[in-house]
Amino acid sequence: MTMHRKTLNAPVAIEGIGLHSGIYTRVELRPTSAGSGLAFVRSDLDGLRIPAHQSNTTALDYATSIGRDDVSIGTVEHLLAAIVAAGITDLDIVVDGTEVPIIDGSALPFIHLIEAAGTRELDATIEPIRIRETIEVRDGDKFVRIEPTRSDHLQIRYNVDFAHPAIGKQSMKLELNAESFTKKVAGARTFGFLRDVEKMRAAGLARGGSVENCIVLDDHRVINGALRYTDEFVRHKVLDLVGDLALLGRPLVGEISASRAGHALHSRFVAAVLEKSAEWEASENRQHADSASSGAYATAGRQE
Ligand SMILES: [Zn+2]
């Protein structure tokens with residue numbers, strides 16, 4: 001299954017405070033040509049370009065950052081989730097500071113931004129990574145696993161289990177596409193516990209966090225109003241995973257089961273998938289070369 005590459009129809013911008021830095025930044029999404037991929041561009045640093053790829057992942061505490069040398073851009077996952085869920089493969093994400101604005105803590109403002117610009121198919125295709133055997137990464141009882149599927153889509157099953165009266169056990173199953181993401185996942189907000197705030201602020205995190213951009217929980221309940229979904233927490237974990245999967249650089253086809261994971265485990269999973277898929281593709285290329293040199297039909301095993 002081959003897919004068309006896609007970009008935006010027109011540039012669009014949004015601005016706001018960074019969840020961890022507390023610094024106000026502007027992010028502009030600019031259409032690009034086929035094959036340029038998703039890349040962050042620091043407009044305040046002479047347009048320094050950092051491709052949105054696993055190899056550029058830096059920090060993973062509480063959010064995903066990507067960077068190169070001493071330069072980084074933080075909290076990229078909600079914006080990337082909206083971009084890849086919309087099927088966009090080629091886009092410059094121009095930021096004038098160190099962190100993508102958090103806006104309301106969900107991906108919905110980014111979805112609205114993308115919808116306002118509209119998307120456009122490019123005259124080029126992209127081949128998804130199709131899973132051929134089970135891959136699993138684990139940390140104690142936390143894991144992310146993917147298995148092959150006969151479908152052409154990515155299925156995600158996610159479980160969380162927080163020892164907190166407002167969360168507890170939640171699970172969600174989703175077949176990922178633009179519509180299901182927008183309806184079921186995009187609006188789910190990030191969440192944080194009051195008991196962690198002091199520790200996080202001491203580590204230079206959560207400086208822009210507030211009741212405006214985060215579900216805040218004390219030891220008993222949510223302290224800032226109604227939830228958007230009763231199981232908003234697990235939905236947000238799915239959102240985070242979709243954003244972290246963007247760092248594969250290609251769409252993914254398979255059945256994911258994730259349990260109690262977070263950015264660090266998502267990132268190890270992405271690295272494992274990239275390593276395995278490189279092996280599969282190298283061995284397939286060798287087979288093609290062998291069958292071509294022995295005079296057999298070289299198209300055998302080619303996937304559509
Ligand atoms: Zn998040």
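**Notebook: zinc site, helices and core**

I began with helix 5 and noted that histidine 236 and aspartate 240 are four residues apart there, and are therefore separated by about one helical turn. This agrees with the general rule that an α-helix has 3.6 residues a turn, so residues three or four places apart point the same way. I keep in mind throughout that the model is a predicted one.

Next I looked up the zinc ion, and found its protein donors to be His78 through NE2, His236 through NE2 and Asp240 through OD, lying 2.1 Å from the metal. Along the chain I wrote down the spacing of these donors as H-x157-H-x3-D. I also checked whether the two donors from helix 5 are buried or exposed, and both histidine 236 and aspartate 240 turned out to be buried.

I then turned to helix 3, which spans residues 178–185, and listed Ser180, Phe181 and Val185 as buried. They lie on the same side of helix 3, because they cover an arc of only 100° around the axis. On the other side of this helix I found Glu179 and Lys183, which are exposed. What do the buried residues of helix 3 pack against? I traced them to helix 1 (77–85), helix 2 (108–117), strand 14 (168–175) and helix 5 (232–245). At the N-terminal end of helix 3 I noted a cap by asparagine 177, with a side-chain oxygen 3.0 Å from the backbone nitrogen of glutamate 179.

Strand 14 came next, and I found that strand 13 (residues 154–162) runs antiparallel to it, the two being joined by eight bridges. One bridge I followed pairs glutamine 155 with glutamate 175 in strand 14. The hairpin that joins strand 13 to strand 14 passes through five residues.

For helix 2, I recorded Pro109, Phe110, Ile111, Leu113, Ile114 and Ala117 as buried. The partners against which the buried residues of helix 2 pack include strand 1 (3–8), strand 2 (12–17), helix 1 and helix 3. Just after helix 2, I saw that glycine 118 takes a positive phi of about 80°.

Last, I looked up the largest nonpolar core, which has 72 residues, and in which Leu29, Phe40, Ile93, Phe181, Leu252 and Ile256 have the most contacts. Helix 5 gives the most to this core, with seven residues. I followed leucine 252 further and, leaving aside its neighbours within four places in sequence, found it in contact with Ile129, Ile131, Ile146, Leu154, Leu245 and Val273.

How values were computed:
Residues are numbered from 1 along each chain as its sequence is written. This is a predicted model: local features need pLDDT of at least 70, side-chain atom pairs count only at pLDDT 80 or more; totals for chains, interfaces and linings use all residues. Side-chain values use heavy atoms; hydrogens and water are left out. Buried means under 20% relative accessible area, exposed over 50%, partly exposed in between (1.4 Å probe, protein chains only). The arc is that of the directions from the helix axis to the C-beta atoms. Contact means heavy atoms within 4.5 Å. A polar contact is a pair of N or O atoms within 3.5 Å; within protein, one must be able to donate a hydrogen and the other to accept it, and residues adjacent in sequence count only if both atoms are side-chain atoms. Donors are N, O and S atoms within 2.8 Å of the metal (3.2 Å for Na, K and Ca); water is not among the atoms, so sites may look incomplete. Two strands pair if DSSP finds at least two bridges between them. A nonpolar core is a set of buried Ala, Val, Leu, Ile, Met, Phe, Trp, Tyr and Cys residues joined through side-chain atoms within 4.5 Å.
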